[in-house]
Amino acid sequence: MDDRPGEMRAPSTRPRRPQPLPLRRPLWQRVLLLVLGLAVLAALAWVIFRPHTQPGRGPRANTPMPVVAATVQQGDVPVKLSALGTVTPLAMVTVRTQINGQLTQIGFREGQEVNKGDFLAEIDPRPYQAALDQAQGQLLRDQAQLANARRDLGRYTKLLAENSIAQQQRDTQEALVHQLEGTVATDQGLVDNAKLNLAYCHIVAPVSGRVGLRQVDAGNYVQISDANGIVVITQMKPISAIFTMPEDNLPAIIKRLNAGA
């Protein structure tokens with residue numbers, strides 16, 4: 001039909017051209033678009049929701065720092081040298097009994113700080129007190145015999161001067177006096193030894209430090225041959241620290257040590 005107004009147009013008998021299908025974008029382009037979209041959203045969110053700092057209180061990264069003048073002074077600068085070291089006590093003493101006997105009392109707590117001479121433990125002193133009494137009695141007996149022999153020696157000396165007795169009798173009495181003097185000296189040694197054993201019943205700390213674990217409980221029979229002893233005391237004050245330093249730092253360290261630093 002004609003295109004004039006009021007007239008209908010007849011349909012065209014020509015075949016319609018097929019429309020081309022839209023092409024799909026490659027995968028990398030879609031991933032790139034997704035990343036860009038997320039970046040834009042993150043930037044918008046930061047602009048909208050960022051904290052607003054008050055004037056005068058925010059960070060001043062771009063503000064120039066003021067520079068002032070100061071007087072030059074001379075002083076020491078601390079120098080620290082770091083090194084791996086080992087702390088070693090100056091004394092570590094194993095307290096052992098010096099006599100055999102029953103342990104009757106413990107006078108320390110594990111981990112306690114003790115001073116030199118503090119009471120640690122006690123061994124039953126009764127056998128050693130009896131031995132001391134016996135030695136003292138024997139000493140008194142022999143001292144009395146020695147005193148009597150010396151008096152007889154004085155009499156024999158006077159009688160010999162008057163030519164009343166033989167020289168041999170006086171010499172025999174003098175030898176008896178010397179023999180008894182030796183006996184008395186032996187008795188005195190036995191008395192001193194008994195006193196020493198009695199003193200060993202009262203065990204005290206040989207050094208100041210911290211006591212460790214108790215190796216034996218009260219009531220046990222302890223002997224001199226016990227390897228573990230009663231307790232170990234570790235001296236803490238003072239204590240030594242052994243460490244290695246580079247050889248280049250040794251002259252400065254030695255100089256400071258020699259100066260009494």
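A salt bridge, as the term is used in this tour, is a side-chain nitrogen of Lys or Arg within 4 Å of a carboxyl oxygen of Asp or Glu. The model is predicted: local features need pLDDT of at least 70 and side-chain atom pairs count only at pLDDT 80 or more, whereas totals for chains, interfaces and linings use all residues. Residues are numbered from 1 along each chain as its sequence is written, and side-chain values use heavy atoms, with hydrogens and water left out.

**Overview**

Begin with the whole chain in a cartoon representation. The protein has four helices and 10 strands; helices (H or I, at least four residues) and strands (E, at least two) are DSSP runs, numbered from the N terminus. Read from the N terminus, the order of elements is α-β-β-β-β-β-α-α-β-β-β-β-β-α.

Next, display the surface. About 21100 Å² is exposed by the protein, and carbon and sulfur atoms supply 57% of that area; accessible areas come from the Shrake-Rupley method with a 1.4 Å probe, and for residues only the protein chains shown count as cover. Of the 261 residues, 18% count as buried. Buried means under 20% relative accessible area, exposed over 50%, and partly exposed in between (1.4 Å probe, protein chains only). Among contacts between residues at least 6 apart in sequence, 76% join residues at least 24 apart, a contact being heavy atoms within 4.5 Å.

**Stop 1: helix α1 and a nonpolar patch**

Select Leu-34, Leu-38, Val-40, Leu-41, Leu-44, Trp-46, Val-47, Ile-48 and Phe-49, which make a nonpolar surface patch of about 1000 Å². Patches are made of residues with over 30% relative accessible area and no salt bridge; like charges are joined within 9 Å, and nonpolar side chains (Val, Leu, Ile, Met, Phe, Trp, Tyr) within 5 Å. Phe-49 belongs to helix α1, residues 27–49. Phe-49 counts as exposed because its relative accessibility is 67%.

**Stop 2: the sheet β6-β5-β3-β8**

Select the four strands of the open sheet ordered β6-β5-β3-β8, whose pairing is antiparallel. The edges are held by β6 (202–204) and β8 (221–222); each has a single partner strand, so one side of each is left without a neighbour in the sheet. Two strands pair if DSSP finds at least two bridges between them. Strand β3 (residues 101–106) and β8 run antiparallel and are joined by two bridges. Gly-101 has Val-222 in β8 as its bridge partner.

Keep Gly-101 selected and add Asn-220, found in the loop between β7 (209–211) and β8. The C-alpha atoms of Asn-220 and Gly-101 are separated by 8.5 Å, although the two residues are 119 apart along the chain. Leaving aside neighbours within four places in sequence, Asn-220 is in contact with Gly-101, Gln-102 and Leu-103. Asn-220 is partly exposed, at a relative accessible area of 36%. A polar atom of the Asn-220 side chain lies 2.8 Å from the backbone oxygen of Asp-217.

**Stop 3: the sheet β2-β9-β7-β4**

Move to the second set of four strands, an open antiparallel sheet in the order β2-β9-β7-β4. Here β2 (92–95) and β4 (113–114) stand at the edges with a single partner strand each, so one side of each is left without a neighbour in the sheet. Strand β9 (residues 231–234) is joined to β2 by four bridges, and these strands run antiparallel. Val-93 has Ile-233 in β9 as its bridge partner.

**Stop 4: salt bridges**

The structure holds eight salt bridges. Among them is that of Glu-113 with Arg-210, in which the closest N and O atoms are 2.8 Å apart. This pair links distant parts of the chain, with Glu-113 in strand β4 and Arg-210 in strand β7, 97 residues apart. Glu-113 is partly exposed at 43% relative accessible area, and Arg-210 is partly exposed at 36%.

Select Arg-141 and Asp-142 next; the closest N and O atoms of their salt bridge are 3.4 Å apart. Arg-141 is partly exposed at 47% relative accessible area, whereas Asp-142 is buried at 3%.

Then select Arg-170, Asp-171 and Glu-174, which are linked in a network of salt bridges. Within this group, the side chains of Arg-170 and Asp-171 meet at 3.9 Å, N to O. Asp-171 is partly exposed, with a relative accessible area of 34%.

**Stop 5: helix α4**

Finish at helix α4 (residues 250–258), which is hardly covered: zero of its nine residues are buried. Gly-260, which follows α4, has a positive phi, near 85°.

Definitions and conventions: Polar contact = N/O pair within 3.5 Å; in protein donor to acceptor, adjacent residues only side chain to side chain.
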